[in-house]
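User: Please take a close look at a single part of this structure, the open sheet, and then place it beside the helix packing and the other pairings. I would like the geometric cut-offs stated as each term comes up.

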Amino acid sequence: MISTKLITSALSLVFLYVPSHLLAGDSLSPVAVKKQMEQTIGFYQRSVSINGGYLWRYSGDLKLREGEGRASDHTAWVQPPGTPSVGQAFLDSYRLCKESFLLDAAIKCGEALVHGQLVSGGWDYRIEFLPESRKRYAYRTDTKDASGLRNVTTLDDNTTQSALSFLMRLDHELKFKHQSIHEAATTALKSLLRAQYPNGGWPQRFSTPPVPDDYPVKRAGYPKEWPRKYEGKDYRSYYTFNDNSIADTINVMLDAAIIYDNPEYKSAALKAGDFILLSQMPEPQPAWSQQYNHEGHPAWARKFEPPAVTGGESQGIMRVLLSLYDRTGAERFLEPIPPAISYLRKSILPNGQLARFYELKTNKPLFFTKDYKLTYDDSDMPTHYAFKVGSRLDSIEREFNRLKKDGPSEPRNLFSQPQQRLTKTLTMQTTDIINGLDARGAWLEDATLRYQEQEYSGPIIDMRTFARNVVTLATYLGATR
């Protein structure tokens, strides 16, 4: 354990500093809020960011840095809540109050992502900016030849999708005139079109497009038998629902169809929706697996993700189907939902939750011991993974019934901005946020950094807090006008 006593003592004057111009809500000044926002964003850009990119968390003195793993001061993170999340916060804030420094900050985030885009078209979890480190990656701005370099686009954990979603919206805000940002967004979209399988699914990761003849379109089914022990096979090319990867990609494609007025992207989303219909398991378990091999059978991914029907991702998949119907009006996307809900209701555990995994055909809940042996017993489970999940079946069924009654929504306006009202609550939140800054212009909170060589607990900078606070301040500025 790193002792934080000396750090906290040395920085105590910094952490306890309260800006003198803001003491109470009734004396809050929009001019002062704008000035403080500029100073704060300037500090984050100079001292926290690397070339416009951001990680997840930093120690208060900025010596320790991490995303989903330790990082150097030349590394940015793509996977949320990294660079795309911060960039989207800047862009949302600009649209709320129209302050140009916020758009400039969003553009810097966009340019960081441009320099992290791979030749394969998407993004890895991280972006390296140290020249020596960049030589290991096939970054599109550095090379056209990916031979022998890291060139794997990941759709896991909303990584490529979040980067692309932000870049598309930024591209639209810039009227498609920022050449490198426009090229990055359209290149990524084209790569996703090429990476889509003939059945409409997407892999978890890819470097090159699939050869269509190698992936015949098959309806999901049960294998005659499946290995009870993890085999360590490469699952990255499997059709993958885990961590909402296909759901996130569908949403990107539907948004892209609007932003770029291109029906090809909507067609890709509809094709992915048809893959969801194709991959619904037959009776007696009409729900979905986390991932399928190319025979259409549930398959192993990681050592704690067996071939099974999932009570977790199946609920997310039904949400996607509801959204697809709501946004496209295609009624076929509602048909799988009633049998899936009925099956999952019958599968609820005694405590009211659903198992993450149900054994194929028998429907017995599956768990793992702490040494990763498959079992029916839930008494010795690892704690890093949710092997039981909450049931959201009631809310899914309510939304299904509403859509059946009311029909799909009006076409979505991705750029509408609700009118902000200056309320007492908003004023108090703004005052608290400004008064919570240290002398540098940073928001600090006590927390633990998870990925360091030695455990660190103490003051940290969390980019989720930063993004949330910037949007609140922009909301206040917009409301005052």
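Analyst: The account below begins with the open sheet and then turns to a further hairpin, two helix pairs and an aromatic pair.

The model is predicted, so local features need pLDDT of at least 70 and side-chain atom pairs count only at pLDDT 80 or more, whereas totals for chains, interfaces and linings use all residues. Residues are numbered from 1 along each chain as its sequence is written, and side-chain values use heavy atoms, with hydrogens and water left out.

The open sheet consists of four strands in the order β10-β12-β13-β14, with antiparallel pairing. Strands (E, at least two residues) and helices (H or I, at least four) are DSSP runs numbered from the N terminus, and two strands pair if DSSP finds at least two bridges between them. The edges are β10 (309-310) and β14 (374-375), each of which pairs on one side only.

Following the order of the sheet, β10 is joined to β12 (residues 357-358) by two bridges, and these strands run antiparallel. Here T310 has F357 of β12 as its bridge partner. The next pairing, of β12 with β13 (residues 365-368), is also antiparallel and spans two bridges; Y358 is matched with P365 in β13. The hairpin of β12 and β13 has six residues between the strands, and K361 in this hairpin takes a positive phi near 75 degrees. Two bridges then connect β13 to β14, again in the antiparallel sense, with F367 opposite T375 of β14. These two strands form a hairpin with five residues between them, where Y372 in the turn has a positive phi of about 65 degrees. In a regular strand the side chains alternate between the two faces of the sheet.

A further hairpin joins β16 to β17 through six residues. Five bridges link β16 (residues 445-449) to β17 (residues 456-462), and the two run antiparallel. Within this pairing A447 stands opposite G458 of β17.

Turning to the helices, the axes of α10 (residues 313-328) and α11 (residues 337-346) come within 11 Å and cross at roughly 155 degrees. Axes are lines fitted to C-alpha atoms, for helices over the stretch in contact, and angles run from 0 to 180 degrees between N-to-C directions. The angle therefore makes α10 roughly antiparallel to α11; angles under 35 degrees count as roughly parallel, over 145 as roughly antiparallel, 65 to 115 as roughly perpendicular and the rest as oblique. The contact (heavy atoms within 4.5 Å) is made by S314, M318, L321 and L322 of α10 with I337, A340, I341 and L344 of α11. By class, seven of these residues are nonpolar, one is polar and none is charged. Ala, Val, Leu, Ile, Met, Phe, Trp, Tyr, Cys and Pro count as nonpolar, Asp, Glu, Lys and Arg as charged, and the others, Gly among them, as polar.

For α13 (residues 424-435) and α14 (residues 463-479), the axes come within 10 Å and cross at roughly 130 degrees, and the two helices are therefore oblique to each other. Their contact involves L426, T427, Q429, T430, I433 and I434 of α13 and N469, T472, L473, T475, Y476 and A479 of α14. These residues divide into six nonpolar, six polar and no charged.
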